[in-house]
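Subject: Structure handover

Hi,

Here is the structure I promised to pass on. Have a look at it first, and my notes on what turned up follow below.

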Amino acid sequence: TGLGVEILLVRERTGKWFLPAGHADPGETLQRAAVRETKEETGLGVEITGASQIIVTHAEYSALHLVMEARAVAGSIKTVADKESQGAAWRPLSEVRKGLAEEAKTAIAGRHSQDGGDGTVYRKPWEIGPMIEHYVKAKREGQVIPISRGK
C-alpha cells in the first residue's frame, strides 16, 4: 500500500481476530474509551493521533464505528489470555487486506471460511473489511482527522 501502516488486531476469546473495540462508558469520551479498550484488549497504552469515521448499519443493529489511528506509548503486547482476549498482534496492513479478500472470495464461492489464507480467521470480515478500506482511502487522501493531546 505504500502507507507503512500496521494494524493492531485482537485475538478474541473465540479465536477470531478483530480490531480493538468496545463501548464508551457513561460520561466517557470516545477517545478515552478507545484508549481504555485498547489497553484492556491488547495490553498496550496508546495515544490517539487521528480518526476516520464510518457508519455501519446491519439488520440486527445500527452502530457508529469510529476507526482511530494511534501509536503505542506504553505497555507490551498481550501474549497471555485473560477475560478480555487471547492476545494481540501487529500485522502489516497489506497482510490484513489480503486475508480479508481471501475470506470474501471464499464466502462468495459459497464455501465456509476457515481462514484468510494465512491461518487467520476474522470476526465479521464484512464489517472489518470496509472499516479498513475506508481508513486506507482516508489515509491516502490526507483525510484522517488529526487528534492532538490537550495540554
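One term before anything else: by contact I mean heavy atoms within 4.5 Å. Also, this is a predicted model, so local features need pLDDT of at least 70, side-chain atom pairs count only at pLDDT 80 or more, and totals for chains, interfaces and linings use all residues. Residues are numbered from 1 along each chain as its sequence is written, and side-chain values use heavy atoms, with hydrogens and water left out.

The overall picture: the protein chain has three helices and six strands, which are DSSP runs numbered from the N terminus (helices are H or I with at least four residues, strands are E with at least two). Read from the N terminus, the order is β-β-α-β-β-β-α-α-β. Of the 151 residues, 38% are buried, meaning under 20% relative accessible area (over 50% is exposed, in between is partly exposed; 1.4 Å probe, protein chains only). Among contacts with a separation of 6 or more, 62% are between residues 24 or more positions apart.

Now the sheet. Three strands make an open antiparallel sheet, ordered S2-S1-S5, where two strands pair if DSSP finds at least two bridges between them. S2 and S5 (87-92) are the edges with a single partner strand each, so one side of each has no neighbour in the sheet. Between S1 and S5 there are six bridges, and Val-10 has Ala-88 in S5 as its bridge partner.

Then the packing. A nonpolar core here is a set of buried Ala, Val, Leu, Ile, Met, Phe, Trp, Tyr and Cys residues joined through side-chain atoms within 4.5 Å. The largest one has 19 residues, and those touching the most other members are Ile-7, Leu-9, Leu-19, Val-96, Tyr-122, Ile-128 and Ile-132. At least two residues each come from S1 (6-11), S2 (17-18), H2 (93-108) and H3, with H3 giving the most, six. Another core lies apart from it, with six residues, including Leu-8, Ala-34, Leu-44 and Ile-48. Back in the largest core, Val-96 is in contact with Ile-7, Leu-9, Arg-91, Tyr-122 and Ile-132, leaving aside neighbours within four places in sequence.

H3 itself checks out on length. The expected span of a helix is 1.5 Å times one less than its number of residues, so the 16 residues of H3 (125-140) should cover 22 Å, and its end C-alpha atoms are indeed 22 Å apart. Its buried residues include Glu-127, Gly-129 and Tyr-135. Just past H3, Gly-142 has a positive phi of about 65°.

Two residues in H1 are worth a click. Thr-42 sits in H1 (30-42) and is buried at a relative accessible area of 0%. Its side chain reaches the backbone oxygen of Thr-38 at 2.6 Å. Outside the neighbours within four places in sequence, Thr-42 is in contact with Leu-8, Val-10, Pro-20, Ser-76, Ile-77, Lys-78 and Ala-88.

Glu-37 is in H1 as well, and buried too, with a relative accessible area of 11%. The side chains of Glu-37 and Arg-36 share a polar contact of 3.1 Å (a pair of N or O atoms within 3.5 Å; within protein, one must be able to donate a hydrogen and the other to accept it, and residues adjacent in sequence count only if both atoms are side-chain atoms). Beyond its neighbours within four places in sequence, Glu-37 is in contact with Ala-21, Gly-22 and His-23.

Cheers
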